Amino acid sequence: MKTVYSPLHAGHAGQMELVTAAIVPGFEKPSRAEFIRARVESEKLGPIIGLVEHDLAAAKRIHKADYIDFLPTVWPQWTAAGFEGSAMAFTWPTRGLRGDVPPQRIDALLGYYSFDAGATFVEGTWAAIKSSYDVSLTAAALVKGGETSAFALCRPPGHHAGAAFMGGYCFINNAAVAAQWFLDQGASRVSILDVDYHHGNGTQEIFYGRGDVQVINLHGDPMIEYPFFLGHADERGAGDGEGFNLNYPMPFGTGWEAWNASLEDACTKLAAYAPDVVVVSLGVDTFEKDPISQFKLKSQDYPKIGRRIARLGLPTLFVMEGGYAVEEIGINAVGVLTGFEDR
Ligand SMILES: NCCCNCCCCCS
Ligand SMILES: [Zn+2]
């Protein structure tokens, strides 16, 4: 399996994030991608290739243009305003407030275009976002070109980014961009299987009204886990999308047996949808030692996930999402990929 990777991710470093009652160094750090890349090499998964640059047209197929055009302006506006530290929102236009954009205040604009304080910028963040987007499209082209599978080693991740909002370390929804690109290249149906611990609220929001992209999420129950405000089992899609959004919320402490039962049902529903291609939002924060998550999967479980997905017998694009146990992220993420290849 080929991996697409860019060193440009490393410019997104040192950003702070707001967690419950504290501002802390971001968990979404450069070493995550480096541990994964090292494991791709040590496991001899296959060639590691660089990105092909794209314009932002494919991003604007699923994100609002004004949102995408805002992203590269954040750091220049933040510094021009004389602000220090990470560019971070602290005020959001919630219920009962106006939804129009305050053009002069970068701190207000950040709130307008985000759902939490978890997508923060430093000087190199935009270059990293753009490289992650290019990595996803470059890997998608490998699958379109006939590869059974490919691995988009994306950083920053994307599944919490919606049509016009960032959050949860996510800015451009790399998996959603790839899914739309496959459709624009002639696919009729695409399934996105999101195995990250956190519900891919952004991906769901983007495709909720559509029947040409099936969105399946296995995740921590939003009644008790971030991102809280989307991801319940009764969210099944709307309009043309009715029945094409499937959520499998699970409780704290979920281990392999229960998690795999959800995966099995999800794969049955995916096979019934009969997509032309599968995009896997590959988060491995389901791991028992993940610092911000509450599932109990073990490293030996990840190859089983890959093997099950391979049994679908469909072209598959793996897009890296979350996973914050940095020492083991490579073992677990690449474990899915070697399992997919049944090695
Ligand atoms: N205390 C939980 C804070 C969650 N902060 C954002 C997590 C984003 C995960 C992306 S996969
Ligand atoms: Zn996650």
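## Exercises on the zinc site and ligand 1

In this predicted model, the zinc ion (ligand 2) has Asp 196 (OD), His 198 (ND1) and Asp 285 (OD) as its protein donors, at 2.0 to 2.1 Å.

**Exercise 1.** Work out which geometry the site of the zinc ion (ligand 2) has, and place its donors along the chain.

*Solution.* Let's start with the angles: among the 4 donor atoms they run from 96 to 116°. Four donors count as tetrahedral if all angles lie between 85 and 135 degrees, so the site is tetrahedral. Next comes the chain, where the donors follow the spacing D-x1-H-x86-D. Finally, look at burial: Asp 196 and His 198 are both buried.

**Exercise 2.** Describe the surroundings of ligand 1: which residues are around it, and how much of its accessible area does the protein cover?

*Solution.* First, list the shell: His 159, His 160, Gly 168, Tyr 169, Asp 196, His 198, Tyr 226, Asp 285, Gly 322 and Tyr 324. On its own, ligand 1 has 380 Å² of accessible area, and the protein covers 84% of that. Now sort the shell by class, which gives 3 nonpolar, 5 polar and 2 charged residues. As a last step, find the location: ligand 1 sits in the largest pocket.

Notes
Residues are numbered from 1 along each chain as its sequence is written. Chains are lettered from A and ligands numbered from 1 in the order in which they are written. This is a predicted model: local features need pLDDT of at least 70, side-chain atom pairs count only at pLDDT 80 or more; totals for chains, interfaces and linings use all residues. Side-chain values use heavy atoms; hydrogens and water are left out. A residue is near a molecule or strand if one of its heavy atoms lies within 4 Å of it. Accessible areas come from the Shrake-Rupley method with a 1.4 Å probe; for residues, only the protein chains shown count as cover. On a 1 Å grid over the protein atoms alone, a cavity is a set of points where a 1.4 Å probe fits but cannot get out, and a pocket is an open set with protein on both sides within 12 Å along at least five of seven lines; lining residues have an atom within 4 Å of a point. A molecule sits in a cavity or pocket if more than half of its atoms lie within 2 Å of its grid points. Ala, Val, Leu, Ile, Met, Phe, Trp, Tyr, Cys and Pro count as nonpolar, Asp, Glu, Lys and Arg as charged, and the others, Gly among them, as polar. Donors are N, O and S atoms within 2.8 Å of the metal (3.2 Å for Na, K and Ca); water is not among the atoms, so sites may look incomplete. Four donors count as tetrahedral if all angles lie between 85 and 135 degrees; four count as square planar and six as octahedral if opposite donors are over 155 degrees apart and all others between 65 and 115; anything else is irregular. Buried means under 20% relative accessible area, exposed over 50%, partly exposed in between (1.4 Å probe, protein chains only).
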